[in-house]
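Dear colleague,

I am passing on the structure we spoke about, and below it you will find my notes on what it contains. Please read them with the model open beside you.

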Amino acid sequence: MTEQELAVATKTPTHEGVQRAMVKIAAILPKTPLLPLEVDGVTIWCKAEMLQPIGAFKIRGAWHRLSDLNEDERARGVVGVSSGNHAQGVAWAAKKLGISATIVMPSNAPRMKLEATKALGAQVVLYDRATESREAVAAALIAQSNATLVHAFGDPWVIEGQGTAGIEIAEQLQSLGITGPDLIVSCCGGGGLASGLALACPDADIAIVEPEGWDDIIRSLEAGEILPVKDLLHPTYCDALQTPQTYPINFDVLSNRVSQGVSVTTAEVAAAMRMVFEKLHLVVEPGGAVALAAVLAGKIELKPVTAVTLSGGNVDRETFVQLLAQAA
C-alpha cells in the first residue's frame with residue numbers, strides 16, 4: 001500500500017472533519033441559497049447547489065481534498081474519476097491551486113461536462129463505461145506519475161467536503177428561527193454527498209434517492225452488504241448518479257443513518273425538473289432532481305423540517321427541453 005493509499009485507508013470522515021472543511025470552503029465560496037418550496041401545502045427547503053461555480057456540490061469535496069495536499073503531492077498532480085460534476089470540481093480546485101489534474105471520464109459523458117472540464121485546464125482520459133473499469137484506468141495513470149487519486153465518493157476528505165452543504169442547511173434554517181433539519185433527502189450515486197450530510201447533521205434522518213436501475217445502495221443497505229449495479233447499460237438521464245457500486249467508507253456511514261431509500265423514474269425526474277424551473281426559476285439536471293422527484297411522487301415520508309438537495313444543474317439545453325416537454 002502506498003503512502004497515499006494508506007492515508008485514505010486510515011482516515012475516518014467525522015463531524016469535526018466536516019466542520020474543518022466548512023471553514024476552508026467558507027473562505028472561498030458563498031453559501032448556496034436554501035429556498036422554500038410548497039408541496040401539497042407543506043414547505044420543504046431546497047438546497048440550490050446548481051449555483052456553485054461549477055454548477056454542482058462536487059466543488060466542496062474537491063476543494064477540501066486538494067487544499068489538504070502537501071507540496072510534494074501537489075507537485076505530482078491529481079487523478080480523478082467522474083462522469084462530469086466531480087471532474088469539474090477537481091479541475092476547478094486544481095486550477096486555483098496550480099495543480100495538474102487528469103480526469104478519467106466515460107466516453108458517453110455529456111459533451112458539455114467534458115468540454116467544461118477541459119476548459120478548466122484538466123486533461124481528460126476517456127474509458128468505456130460498459131467494458132472498462134475506471135478505477136483500473138486511474139490506477140494505471142497513477143502508477144506512471146505517482147499522482148494522488150481524488151475519488152468521486154470513496155474518499156474521506158471528499159465525504160467531509162460534501163457534508164458542508166449540511167452545515168450550511170442547518171445554519172440557514174437557524175437564521176430563520178427554525179430548528180432542524182429533521183430530515184435531509186439526498187440525491188445519491190456513490191454516496192459521498194449522503195454520507196457527508198449524515199456526518200454534518202447527526203440529529204437529522206437521511207433519505208437517499210437513486211435513479212431507477214441504478215439503485216445499488218438501496219439494495220445494498222437492504223441486503224446488509226455492498227452490491228453492484230445489476231446492469232451497467234441500464235438507460236438513464238441521470239449520468240451524475242451512474243456509479244457501479246458504493247465503497248465501504250460510504251456504506252459504513254449510510255448503513256447506520258439512512259431511514260428511507262427509494263428510486264425514481266424518468267417521468268418523476270422530469271416532473272421535478274419542471275417544478276424547479278417553474279417555481280424556483282432554476283435549472284436542475286436529471287441527477288440533481290431525483291431527491292425532489294421522490295418527494296413530489298409521495299415516496300418520501302416528510303418530517304416537520306425537511307431539506308432536499310438540488311445537487312447540480314449541468315444539463316445540455318436539448319435534454320432539458322426534452323424532459324420538460326415530457327412533464328407537460
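Which residue in β4 is the bridge partner of Val78? Before answering, I should say that this is a predicted model, and that everything below is to be read with that in mind. The partner of Val78 in β4 is Ala101, and this pair belongs to the stretch where strand β3, residues 78-81, runs parallel to β4 and is joined to it by four bridges.

These two strands are part of an open sheet of four strands, arranged in the order β5-β4-β3-β6 with parallel pairing. At its edges lie β5 (123-127) and β6 (148-150), each of which pairs on one side only, and neighbouring strands of this sheet are turned against each other by 25 degrees on average, direction ignored. Within β4, which covers residues 101-106, sits Thr102. Because its relative accessibility is 15%, Thr102 counts as buried, the cut-off being under 20%. If neighbours within four places in sequence are left aside, Thr102 is in contact with Val78, Val79, Gly80, Gln123, Val125 and Leu141.

The structure also has an open sheet of six strands, in the order β1-β2-β10-β7-β8-β9, and here the pairing is mixed. Its edge strands are β1 and β9, each pairing on one side only, while the average turn between neighbouring strands is 25 degrees, direction ignored. Strand β7 (residues 183-187) runs parallel to β10 and is joined to it by three bridges, with Val185 standing opposite Val308 in β10. Helix α12 packs on this sheet, where it touches β1, β2, β9 and β10, and its direction makes about 115 degrees with that of β1.

Helix α12 itself comprises the 15 residues 266-280, and at 1.5 Å a residue it should span 21 Å; its end C-alpha atoms are 20 Å apart, which agrees with that expectation. The buried residues of the helix are Glu268, Val269, Ala270, Ala272, Met273, Val276 and Leu280, and besides the strands β1 (34-39), β2 (42-48), β9 (258-264) and β10 (306-310) they pack against the helices α13 (290-296) and α14 (317-326). Just after α12, His281 takes a positive phi of about 60 degrees.

Turning to the interior, nonpolar side chains in soluble globular proteins tend to be buried together. The largest nonpolar core here has 54 residues, of which Leu66, Val78, Val90, Trp92, Met105, Ile184 and Ile208 touch the most other members. One of these, Ile184, touches Leu197, Cys201, Ala204, Asp205, Ile206, Ala207, Ala307 and Thr309, not counting residues up to four places away in sequence. A second, separate core of 37 residues includes Val264, Ala289, Ala293 and Val295.

Since you may be wondering about the cysteines, how many disulfides does the structure hold? There are zero. The sulfur of Cys187 has its closest cysteine sulfur in Cys238, at 8.5 Å, and this is too far for a bond, given that a disulfide needs the two sulfur atoms within 2.5 Å. Both residues are nevertheless buried: Cys187 counts as such because its relative accessibility is 4%, and Cys238 because its relative accessible area is 2%.

With best wishes

Definitions and conventions
Residues numbered from 1 in each chain as written. Predicted model: local features only at pLDDT ≥ 70, side-chain atom pairs only at ≥ 80, totals over all residues. Heavy atoms only, no water. Expected span 1.5 Å × (residues − 1). Buried < 20%, exposed > 50% of the residue type's maximum accessible area, 1.4 Å probe, protein only. Contact = heavy atoms within 4.5 Å. Core = buried A, V, L, I, M, F, W, Y, C linked by side-chain atoms within 4.5 Å. Pairing = 2+ DSSP bridges. Axes fitted to C-alpha atoms, helices over the stretch in contact; angles between N-to-C directions.
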